Amino acid sequence: MKEYRDILCPVCGCLCDDIEVNVENNSIVKVQNACAMGASKFLNFSKERLKNPLMRKNGELVPCSLNEAIDHISRALVKAEFPVIYGFALSSCEAIKVGIELAEEIGAVIDNQTTVCHGPGVQGLQDIGQVSCTLGEVKHRADLIIYWGSNPQDAHPRHFERYSLLPEGRFRGGKKDRKLVVVDVRKTATARMADFYIRIEQGKDFELISALRALLRFEDIEQEQVAGIPKEKVEELAEMMRSCEYGVIFFGQGLTQTIGKDRNGDNLFALVRDLNKFTKFLVMPIRGHYNVTGSNEVLTWQTGFPFGVDLSKGYPWYNPGDTTVVDIFRRGENDLTLVVGSDPLAHLPRRATMHILEHPLFTIDPSMSLTAMASNVVIPSAFYGLEAEGTAYRMDGVALPLKKIVEPPEGILPDEEILRRILEKVKEIRGK
Amino acid sequence: MELIIKNGIVYDPLNGVKGEAMDIYVKDGKIVEKADGSKAQVIDATNMLVLPGGVDMHTHFAGPKVNLARMLRPEDHYKDPQRKRGVRRCGTGYSIPSVFTTGYWYAEMGFTLAFEAANPPLKMMHVQDELNDTPLIDKGAYPVFGNNWYVMESLSKGKIEECAAYIAWVLSAIKGYAIKVVDPGSVEEWKWGKGQIGDMDKQVENFGITPKEIVRGLAKVAKLLNLPHHLHIHTNMLGNPGNSEVTLETMKAVKDLVTNGELLIHMAHLQFHSYGGKEKDWNSFRSGSEEIMKYINKNPYVSFDMGQIAFTDTTTMTADGPFEYNLYEITKNKWMNADIEFETGSGIVPIEYKRDNFVHSIMWAVGLELALLSKDLWRVALSTDHPNGAPLTFYPRVISWLMSKKARERVLKLIPSSARSKTLLGSIDREFNFEEIAIITRASPAKLLGLKEKGHLGIGADADIAIYDINPKALDPERDYRKIRKAFRFAKYTIKDGKIVYKDNEIIEHFIAKTYWVNPHIREDLYNYINSELERNFDKYYTVKISNYKIPEGYLVKSKRIDIITKL
Ligand SMILES: [Zn+2]
């Protein structure tokens, strides 16, 4: 039996790096320190996995060889006029690099899951700037922690324990020294732990943030209620924010995927910026997939833009709403889709997915998904952080090493290698 | 692979070559005495200027804050898209170019080595990721230590050896090259929302140590560790009127540590630290270059890089979080902040330097004055603190200002007369010659970095060579400063590791060159002590495991390890 320590958990953006794993006969038999989501991934990932490349023949997906699959995808990529490559939040940064090179080679649009989760937050960052920090800063200093439209108790179970409310930091002794505020439309598991819970009316985030900003300018609020919240409570929240020593807001998709979207991001970032006139205040998105942050980072350092990058012009172009996949799909502009570790048919709006199915669709994924089932070719890939190593970025931008602790099934390669083979094949075909 | 560069007009200050027509022989990436003429590729460099590859010792081109700046500013990229062409990968500029574009731009200018100037150890894997992706230049990175808890705590207890051992451990663990200090003490206080510390003798809250003691302590550490580059410091009060006093105080604070005429302290982007006037009184803002240079000229333990600004839209980025907040308050531009647990902070604010702005135009003059007033260019390096003062593509412009009084006067005429009277520049006649330019862009920075194989064209040097299509013998730089600019912006040939990588406006190779880092060897008992201290406390300090904080040498695409025998 082999015992591994300090393993990264390849599930959510917390990217906990203290997991202990026992491996026997190339299978994981014991997991320690992980949350339920993490433990389940470590113990069960291999159960429902794809083992063979598949190709659609006479309407049905049937097993084929890897070379056949790569050859088919490469030829289609070369032929396509406006291909889209989408995914990467569950890939390593090394794989993302190859994905970008492939997109550049064939003149594709390359986009990642940011486009449907925290894209509006990124746009807020681009409009206002983001006052932020690493998670350890919160652990050491924060006395006011606000979760806004995010529910870490369910989606990021160890966020409290490792990074925010509970850890003992240099200047804070844990929960007793901190106040927890939750802003949400529902009394979630996180909200139930709050010292101060604000039930906000659905879609009224912009209104509440504006009221808080007005109060910080010492203006009066005339209405009795803001966003369904009694005025006094809003005033109390503003006072809490102004008078804390070190405050932080963790926001989730409850803010970015509701009415207002990027305007909410703008306003929230401006609120936090303004609070720094009074005290130290920071803001951070709670990112979902374990390497969605890395996909933004790599795309940015190679092209200048974090998501939705159109490389069809021979240089990078970015215009959210235009070059982002949901909008491209909705307009039915693309004539090929290559999906890497994502399930857009399950997650994107119907009006967008309709058009994906009209053209060749290829999927690289360790497991079967709705998108894989509808694809023309499916290539199974290795699980990063379990069967393959690479780099991933935590939600606060700390890069960490994903490790390989078991061997993938025979013939199963990581995304990086599959994409590299496709890239080489594409170059070979185009060279002729 | 052999190469002969025939009959070029060579300036090689480290070897005393001053504009002689000569041949240079290259074999297997090195300069050699003689190559076999029949097999070698020959470049006819007749009437062309031949220099060692350019060395940028202070630039911000890779890593977390640079990438946040890229993310912050799509508008910066929209105006400067970079097309894919042949081996040349696509990308974007303008002030925060993407990684490939950065490498290509350096190559276009004949630069072959650049050091990333401020890096949080915790995010060093990100830095290495981008260095691994930056083509055609050798590079390295300076981790920041001036607000590091371990450093402040060990120094406050007077434990210099322990501090040195800790820094040796970190440099080796994360593959850093030198000790960088940024606004000592202030960044820790900024994490509580407090401003820059202007009093070098004020105790840093919670840490019982003063900025002056941090600087002294780290200067001692750099000596103890025998690091190839001395202490690299961005001192307190960057950007403030009257800050030349703090700058002088910083330099004086380590003077008594000199034992053998050695270099002890490198003042980063000195322009930003050389202002006269009264604190907070922008009307009193004036050049402080004269008193600063009077001191530096007399004190050979100090070196500096210019931190020149140019009038353009650029992006400021620094570990100096409190400074960036001030800049946000002044400009109301977009503002990013990214504090790093245990170690440091950082901030980003875009800025447009304007010729008709009183303060900006004085800043422009100050940078040039510092270089022009220097009596020892071997302690001076050209920089714009890319992109803080201007994007790296402005180096040729800075060169032309240094070489031509006429070029300077053209700008001086356009700045407000109220500003002109606060500067010395108009009264300085000095014009640098090609040798002096070769010193401050090649020989001196290579020497200051302690890299013996760089910055010259002697036998055994790395074959990093720039060939420019100007004839220094036939050109009057004073009059023809525009030709100077053009020639230095686009070299005729750039040779990296003996390969022609750029020629006639085309990038013809794309490969990843070396990453320099130091591996200081310390006594085993000291190493074990530090290692066990860190293993015991790491979970308390950080939110990552110690094993995941370390970066294996194999992570670097092309590692250039420098093993150091220290005094420990
Ligand atoms: Zn700098």
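A salt bridge here is a side-chain nitrogen of Lys or Arg within 4 Å of a carboxyl oxygen of Asp or Glu. Keep that in mind for the exercises below.

This is a predicted model, in which local features need pLDDT of at least 70 and side-chain atom pairs count only at pLDDT 80 or more, while totals for chains, interfaces and linings use all residues. Residues are numbered from 1 along each chain as its sequence is written, chains are lettered from A and ligands numbered from 1 in the order in which they are written, and side-chain values use heavy atoms, without hydrogens and water.

**Exercise 1. Find how the two domains of chain A meet.**

Step 1: Locate the domains. An automatic or database domain assignment gives domain 1 of chain A as 54-114 + 290-384 + 392-401 + 409-429, and domain 2 as 119-285. Their C-alpha centres lie 34 Å apart.

Step 2: Look at the contact (heavy atoms within 4.5 Å). Nine residues of domain 1 of chain A and 13 residues of domain 2 of chain A take part.

Step 3: Find the buried area, meaning the accessible area (1.4 Å probe) that two parts lose on being put together, summed over both. For these domains of chain A it is about 840 Å², with 63% from carbon and sulfur atoms. On the domain 1 side, A:Arg394, A:Met395 and A:Asp396 lose the most area, together 56% of what that side buries.

Step 4: Apply the opening definition. Between domain 1 and domain 2 of chain A, the rule finds zero salt bridges.

**Exercise 2. Describe the interface of chain A and chain B.**

Step 1: Start with who takes part: 66 residues come from chain A and 57 residues from chain B.

Step 2: Turn to area. The two chains bury about 5,200 Å² between them, 54% of it on carbon and sulfur atoms.

Step 3: Count the salt bridges. There are eight between chain A and chain B. One of the pairs is A:Glu105 with B:Lys84, whose closest N and O atoms are 4.0 Å apart.

**Exercise 3. Which residues of the protein are donors of the zinc ion?**

Step 1: Search for donors, that is, N, O and S atoms within 2.8 Å of the metal (3.2 Å for Na, K and Ca); water is not among the atoms, so sites may look incomplete. The search gives B:His58 (NE2), B:His60 (NE2) and B:Asp385 (OD), lying 2.0 to 2.1 Å from the zinc ion.

Step 2: Read their spacing in sequence, which is H-x1-H-x324-D.

Step 3: Check the two histidines against the accessibility classes: buried is under 20% relative accessible area, exposed over 50%, and partly exposed in between (1.4 Å probe, protein chains only). B:His58 counts as buried because its relative accessibility is 0%. B:His60, at 3%, is buried too.
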